[in-house]
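Q: I am new to this model and would like a close look at its salt bridges. Please lead me there by way of the cysteines, a surface patch and a strand.

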Amino acid sequence: MTDSALPAADRIPDLRSDLLAAGLSVDALTRLWGEEAAEALHRGQRVPAERALARREPSALATLARLFVLGLPVAADAAAAALPALGVDGAIALGLVTSDDASGTISAAVDLRPYGFVDAAGPAEWWIVSDLGELALGHALPEDHVLGVGGASLTLSGLMLQAPVESALDLGTGCGIQAMHAARHARRVVATDISPRALRIAALNLALNEIGGVELRLGSMFEPVAGERFDHIVSNPPFVITPRTDGVPAYEYRDGGMVGDGLVASFVSGCAEHLTPGGVAQLLGNWEYRGTGDGLLRVRDWVDASPEPLDAWVIERDVEDAVRYAETWIRDGGTRPGSPEFERLLAAWLDDFDSRDVRSVGFGYLLLRRAEGTPTLRRFERLHGSLGANEAGLGVHLGEALAAHDLQAALTDDELLRLRPVVSGDVTEERHLWPGADAPTAILLRQGGGFGRAVAADTGLAALVGASDGELSVGAIVAALAQLLEVDEDALRADLLPAVRGMLVDGFLRA
């Protein structure tokens, strides 16, 4: 473990004991202050939760919630009562709180809150320590801020493939959340970060939640793992596009120090040499739309330039114009709109974008796999709508989609005709007709899970999907449809087989 030694590490079991005794959990907090206050907290408003606490009887749970979740001071005797095993002195030694002797109060030095999730292994809950946010600080974030579990963290953990592997790398671990998730399916995990403080917080979270098998290393990008390869790489890298000019804060958790989208490009070019054959890298990223150019084509160029062959599946989830993008990230750092500082930073951002003729910025997911031979997967798509319902996260669907891609890519058309597919249980069909018409003007096949795709189908494809019950082969269904529709069987087969391949990969059909 590099630069992540914890002071008073022997007191962490006492902290765990106190959190368990107080019942600090996601559900308990929601019961404590109610659904509306919980939702307000997600929007950065703590007053409803504070008012709800004032109506509650004193308890260890209420004290810890006020102290660590709301970031409000508590009386020293209340803190001592809520932390009977650790004690206030132990909490100070662990760097969790500070004491104000003059007022007799204890204040949080960190944010500590429960985090619950469901993945392929089932439901679980952890406690996550991170730096205090803007709400508790009352001012803009410091540049070495260690972020807790935010929207991007939840997105990546939900996307994470969950098949068991020998080794995994979490590049840019921050508070350690992705390494903790990876440890649920990888026997060995290496987690890196450029911030010694982040590594210390990650070490605390690992110890607090009794998660082993994770090695922490200090360094930038792939430097700490030079010469090593992994079966799975995950990264929520500091991909935010920030001006590299004086006077613009560069936050360690989000700003990678490269011009434009260079950090994501660097990751793509460097990840293949750190993947085992068939190993997969998953990350979030931004890419620039310059002039009239296409941002997704820029990503394709990065993949094509990889020194080792990569399969690639890149999904763009959103695009923001340059002004809105700049506003979003300036506000994220704690600078409020309407202030002279906000306007100064916005001008710096727009100057930087103008220097490269950036008109907008795309955001999305990248799944890269070290190909064993010639790459067979090249998918660059835009999915800007809502996703399907995925209780255990999109990672399960992505894993199934990769397996289905490999299966169909290895099958000849004759072999595919012998396949006996089954329609997925989440697929529904919509038919749109003009009033009084006998035939539909449009047929849509909709997916309830996965990416919530809707596929326009003709009568033949809709009938094939409907007849896929695992008993009949694709060839038998096509032959029956050709007779029923009174069309040439060879022509129908040529029309439907590419669609069947796509339906398998996207999860409408299962082999």
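A: Cys175 is buried, with a relative accessible area of 2%. Cys271 is buried too, at 0% relative accessibility. The model is a predicted one, and it holds 0 disulfides. Buried here means under 20% relative accessible area, so the 2% of Cys175 qualifies.

Now turn to the surface. Leu484, Leu485 and Val487 form a nonpolar patch there. Together these residues offer about 270 Å² of accessible area. One of them, Leu485, sits in helix α18, which covers residues 474-485. Leu485 has a relative accessible area of 35%, so the residue counts as partly exposed. The range for that class runs between the 20% limit for buried and the 50% limit for exposed.

Next comes a strand. β11 spans residues 310-321 and is mostly covered. Of its 12 residues, 9 are buried. β11 pairs with two strands, taken here in turn. With β12, residues 358-370, the pairing is antiparallel and has 11 bridges. Leu310 of β11 stands opposite Arg370 in β12. With β13, residues 378-382, β11 runs parallel, and 5 bridges join the two. There, Ile315 stands opposite Glu381 in β13. In a regular strand, side chains alternate between the two faces of the sheet.

That brings us to the salt bridges. Side chains of opposite charge can pair when their charged atoms come close. The structure holds 34 salt bridges. Three of them are described below, one by one.

Start with Arg187 and Glu166. Their side chains meet in a salt bridge at 2.5 Å, N to O. Arg187 lies in strand β7 (residues 186-193) and Glu166 in strand β6 (residues 165-171), so the pair ties together parts that are 21 residues apart in sequence. How accessible are the partners? Arg187 has 57% relative accessibility and counts as exposed. Glu166 is partly exposed, at 40%.

Glu228 and Arg217 make another salt bridge, at 2.4 Å from N to O. This pair links distant parts of the chain, with the two positions 11 residues apart in sequence numbering. Glu228 is in the loop between β8 (214-218) and β9 (230-235), while Arg217 is in strand β8 itself. Glu228 has a relative accessible area of 22%, so this residue is partly exposed. Arg217 counts as buried, because its relative accessibility is 13%.

Arg298 forms a salt bridge with Asp261, and their closest N and O atoms are 2.7 Å apart. Arg298 belongs to helix α12 (residues 295-304), and Asp261 to the loop between β9 and α11 (262-271), so the pair joins parts that are 37 residues apart in sequence. Both Arg298 and Asp261 are buried.

This pair has further company. Arg298 and Asp261 belong to a network of salt bridges. Also linked in that network are Glu288, Arg290, Asp352 and Arg356.

Look back over the accessibility of the three pairs. Arg187 is exposed, and its partner Glu166 is partly exposed. Glu228 is partly exposed, whereas Arg217 is buried. Arg298 and Asp261 are both buried.

Definitions and conventions:
Residues numbered from 1 in each chain as written. Predicted model: local features only at pLDDT ≥ 70, side-chain atom pairs only at ≥ 80, totals over all residues. Heavy atoms only, no water. Disulfide = S-S within 2.5 Å. Buried < 20%, exposed > 50% of the residue type's maximum accessible area, 1.4 Å probe, protein only. Patch = residues over 30% accessible without salt bridge, like charges linked within 9 Å, V, L, I, M, F, W, Y side chains within 5 Å. Areas by Shrake-Rupley, 256 points an atom, 1.4 Å probe, with all protein chains shown as cover. Salt bridge = Lys/Arg side-chain N within 4 Å of Asp/Glu carboxyl O. Helix = DSSP H or I, 4+ residues; strand = E, 2+ residues; numbered from the N terminus. Pairing = 2+ DSSP bridges.
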